[in-house]
Amino acid sequence: MLAVRGNNVPLEPADPRLLGVVILLLVLLGALLLRQRRRVRQQLDLLAEREERLKMALWATGEHYWEYDVRTERIRVLQIDPNGQADVMRERTVPTATLLHPDDHDAAARSMRACLDGTTRSIVAEVRILLDGDAPVWIRARGRVVARDTAGNPTRVAGTARDISRSHQAERERRIAALVLRSMDEAVSVVDEDFNFTSVNPAFSRITGYQAEEVIGHSAAMLDSDQHDHAFYRHVRQQSAAHGHWKGEMWQRRKDGEEFLCHLVCNAVTTGDTGQKQYVTVLSDVTQQKRAEQELLYLANFDTLTNLPNRSMLSERLSRAIVSARRHGGRIALLFLDLDRFKDINDSLGHAAGDRILRAAAKRLQQTVGEHHTVARLGGDEFTVVLEDLESPAHAERSAREIIMAFEAPLQLDSRQEISISPSIGISLYPDHGQVPTELIKRADTAMYQAKAAGRRTFMLYDDAMDVATRKRATLSGALHKVLDRGELRLAFQPRMALSDSRITGVEALLRWSSDEYGEIPPADFIPLAEESGLILEIGEWVLREACLMRSRWQRHGVDPRLSVSINVSALQLLRGNFPEVVQRILEDTGLAPGLLELELTESVLMANAAHTAARLHAFRDIGVPLAIDDFGTGYSSLAYLKRLPFTSLKIDKAFIDDVASDPEDAAITSTIITMAHSLGLNVIAEGVETGAQVQFLSRHGCDEIQGFWLAPPMDAHACLAFIRNWQPPSALYPPPATATGP
Ligand code: C2E
Ligand code: MG
Ligand code: MG
């Protein structure tokens, strides 16, 4: 029973029914509360479990959870480190704008809009996000609208995001690799374990000519060439299989059948997913490169014009020959050969013809000495022959003689053109004249120069005295370069006289060199040097100007206005440059009438190039300058040939005049020359006339003029002028000689 107490008011005893209701109500309330509490606890447990599951799911999948609040534009991110503990979750809420990489704002906004306005049911976006100020991370986010307000407008979008940086990078690399593969110059192919193609790149098609679909599934052996046997290719494939690698050069065959040399690298790779073995082969076409290398090697050792070994190859072969000769006590000869007057021919016929001559000469030389001896071209018109296992020095001389004989027959340049050219040969011997190639070459060269000096078309065996002569030539040659600057040149003049009326008809200008260092040097010594170096062009022009000036000056001293001045012209002057123009200009400069200048040309000058010379000579005739053939009888020119050239005079060489009074043969030759020359309308001059007997003979046989010591030696300009002015024709041609003294 319950009683209510208070204020000392005695309580009425409670209605037991009411009390029962109250107690019931209280029990009910308690039960209700308990249920409610249990429910709440259950719900909390469920929530915790769900969160736990979410965490587990996020942890297991590596995904992040995100929620976007449409109103605040803030994003809540739940993140679990997949490598960390499953139950440690980071949570943060940030403005969307700060989370996204600025470059991806637009793309993300577009996706979100499409999702919010219902265009798309869900969001799928690949964007970069910035977390904790680290480098941007690529994520792939998916999500959808998860809550709406009462009006049905989206209020929340939620979903997951995955870090795809790695796969993104891998994808990027894959794309770059594919691009590289496509743009590579090397052919790349993948073959399976049986060496059947599985894929190829575009360069493969370019190099081999096969399109991908033509090779895939077919054996790599389809590219095998006949340059190797089957065993070779089998070996390469076995090596690749056994060691997973092969590298080297091999020949392959293109689709069109052409074979090409390639550098090939083959590497075995095992694919991760299937564990299958494949081979990646990278192949580069090195045919061109190899060809270029071979060409370079060829160029370094051979002369491209004649295909003969060049100087470096000669040195190598000569070295080898020397080593072998030293071992066996043998002897070697080196023949140094130079084509006579090749320079003139080259200048006049042109370089194309010159090249043909060199080729023909090379062939003739190799044919003569045989294939087993080394014939080399050192450059220009210089060749060498190495004769090994020489029996004796005489053997070398015999070979040299054979070569000279072989060149007697003209060289055939083409079906229409042939040319005669002779060689001069110098010989040096191992071990007699040198122990090393350079020495032997130098000595043979020295001997060759001596052969030239001895009149060409001959050979000489080296001897030590030659070196002295060569050194002299070299020093003279050096001094000659300074001759004009130093003013060491002067002219001597030698008069000539008409036999009919004893009149002094002209003078010949003869060059003199008095060197401070070497004294008087005869023209026969230095003119060939000047011709070789080309200095004769400059010197010759000086002679021409000086002679014309002198003759003009003499005019003022009252000499016979018909008196002419002759100058000697070298082949080089005639063939090179614009000689007729030079002559014309100097005549104008010095005011000399063209008819008073005479040009003397030796037969050899004429023969250097007949066709070219003829054109030049006509040019002089057009100017009005008379032309004389000098030293006639020493060369091979025939009068019939000379007839076609515009000559006015012919000078019979001193060699015939010397014995004209004592040797019937020379007398016959001389009188014949005079008669024939006259029949061609030429004025005949006898050179080197020294005696009265010669004068008498020449006079009797109708020779027109004489020049020589009998009349006067060459004199300096002053003495010559005095001689001319004081000249008294002898009453009779006896008793000579004249009384003038030389310079
Ligand atoms: P060449 O044109 O036949 O000149 C005649 C040579 O015979 C001259 O020799 C002259 O001094 C010489 N001589 C003249 N009369 C007699 C004689 O009665 N007896 C003897 N024993 N000799 C005589 P030099 O002056 O020594 O000239 C030699 C050659 O040099 C010339 O022969 C000519 O071919 C060349 N030469 C001279 N001056 C020049 C020049 O300015 N230019 C060129 N290119 N060659 C020149
Ligand atoms: Mg002369
Ligand atoms: Mg002469």
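Rings of Phe, Tyr and Trp (its six-membered ring) pair if their centres lie within 6.5 Å; planes under 30 degrees apart count as stacked, over 60 as edge-to-face and the rest as tilted. This is a predicted model, where local features need pLDDT of at least 70 and side-chain atom pairs count only at pLDDT 80 or more. Residues are numbered from 1 along each chain as its sequence is written.

**Exercise 1. Aromatic rings**

Task: State how many aromatic pairs the structure holds, and classify the pair Tyr298 and Phe302.

Solution:
- Start with the count: there are nine aromatic pairs.
- Take Tyr298 and Phe302: their centres are 4.7 Å apart, with 10 degrees between the planes. This pair is stacked.
- Look also at Phe232, Tyr233 and Trp246: they form one aromatic cluster.

**Exercise 2. One face of a helix**

Task: Find the buried residues of helix 16 and say how they are arranged.

Solution:
- Recall the terms. Buried means under 20% relative accessible area, exposed over 50%, partly exposed in between (1.4 Å probe, protein chains only). Helices (H or I, at least four residues) and strands (E, at least two) are DSSP runs, numbered from the N terminus.
- List the buried residues of helix 16 (residues 523-533): Phe526, Leu529 and Ala530.
- View them down the helix axis. They fall within an arc of 100 degrees (taken from the directions from the axis to the C-beta atoms), so they line one face of the helix.
- Step past the helix end. Just after helix 16, Gly534 has a positive phi of about 85 degrees.

Note on methods. Chains are lettered from A and ligands numbered from 1 in the order in which they are written. Side-chain values use heavy atoms; hydrogens and water are left out.
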